[in-house]
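Work through the exercises below with the sequence and the model at hand. Each task is followed by a solution in steps.

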Amino acid sequence: MKWILWFLPLLCFAKEPLHFLTWTDDPLHTMTVVWLTPNENCHDVIELKVGENWSPKVGRHQQISLDQTCYAVHQIELRRLKPGESYEYRFNKEGKVHSFKTAPNSLEEDLRFFVGGDAYHDDKE
């Protein structure tokens, strides 16, 4: 939660919400988009490009309160995606287009992982 506190002042000025992608299910056929907005911008829809068309996808949100300010954490799990395919999404029609690729269905393709974590700086060895 510490990394969110550092980004909170930037949310008011950012054109795009703070967001990341993760898997909560099968990495061949799903992708989960998570983003954070000030509570008044509580809109649980992104647009996913399917073929040549943009299709709205509806998710859900949870309200959190940090530093006496309310924020919404949004989440959409995209399902029935094709393995090894690239997809594009955006938060609104005028917004920046972001992309991701689902995991390949073959062991012949390279697959790289990014592993991160929080390093607590305290007096523990």
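**Exercise 1. An arginine and its surroundings**

In which strand does R90 lie? Determine also whether R90 is buried or exposed, and list what surrounds the residue.

Solution. The model is a predicted one.

Step 1. R90 belongs to strand 7, which covers residues 86-90.

Step 2. The relative accessibility of R90 is 12%. Buried means under 20%, so R90 counts as buried.

Step 3. Setting aside neighbours within four places in sequence, the contacts of R90 are I46, E47, W54, G95, K96 and V97.

Step 4. Two of these contacts can be described further. With E47, R90 makes a polar contact of 2.7 Å between the side chains. With W54, R90 lies over the face of the ring, 3.9 Å from the ring centre.

**Exercise 2. Aromatic pairs**

Classify the ring pairs that Y89 forms with F91 and with F100.

Solution. Step 1. Two quantities are needed: a pair of aromatic rings is described by the distance of the centres and the angle of the planes.

Step 2. The structure holds four aromatic pairs. One of them joins Y89 and F91, with 5.9 Å from centre to centre and 85 degrees between the planes. Planes over 60 degrees apart count as edge-to-face, so Y89 and F91 form an edge-to-face pair.

Step 3. For Y89 and F100 the centres are 6.1 Å apart and the planes stand at 45 degrees, so this pair is tilted. The pair links distant parts of the chain: Y89 is in strand 7 and F100 in strand 8 (residues 98-101), eleven residues apart.

Step 4. Check the burial of the rings. Y89 has a relative accessible area of 2% and is therefore buried. F91, at 10%, is buried too. F100 is likewise buried.

Step 5. Put the pairs together: ring pairs link W35, Y87, Y89, F91 and F100 into a cluster.

**Exercise 3. The nonpolar core**

How many residues make up the largest nonpolar core, and which element gives the largest share?

Solution. Step 1. The largest nonpolar core has twelve residues: M31, V33, W35, I46, L48, I76, L78, L81, Y87, Y89, F91 and F100.

Step 2. Assign the residues to elements. Two or more come from each of strand 2 (31-38), strand 3 (45-50), strand 6 (69-78) and strand 7.

Step 3. Strand 2 gives the largest share of this core, three residues.

Step 4. Compare with the earlier exercises. The aromatic cluster members W35, Y87, Y89, F91 and F100 appear in the core list. I46, a contact of R90, is also a core residue.

Methods. Residues are numbered from 1 along each chain as its sequence is written. This is a predicted model: local features need pLDDT of at least 70, side-chain atom pairs count only at pLDDT 80 or more; totals for chains, interfaces and linings use all residues. Side-chain values use heavy atoms; hydrogens and water are left out. Helices (H or I, at least four residues) and strands (E, at least two) are DSSP runs, numbered from the N terminus. Buried means under 20% relative accessible area, exposed over 50%, partly exposed in between (1.4 Å probe, protein chains only). A polar contact is a pair of N or O atoms within 3.5 Å; within protein, one must be able to donate a hydrogen and the other to accept it, and residues adjacent in sequence count only if both atoms are side-chain atoms. Contact means heavy atoms within 4.5 Å. Rings of Phe, Tyr and Trp (its six-membered ring) pair if their centres lie within 6.5 Å; planes under 30 degrees apart count as stacked, over 60 as edge-to-face and the rest as tilted. A charge sits over a ring if NZ of Lys or CZ of Arg is within 6 Å of the ring centre and within 35 degrees of the ring normal. A nonpolar core is a set of buried Ala, Val, Leu, Ile, Met, Phe, Trp, Tyr and Cys residues joined through side-chain atoms within 4.5 Å.
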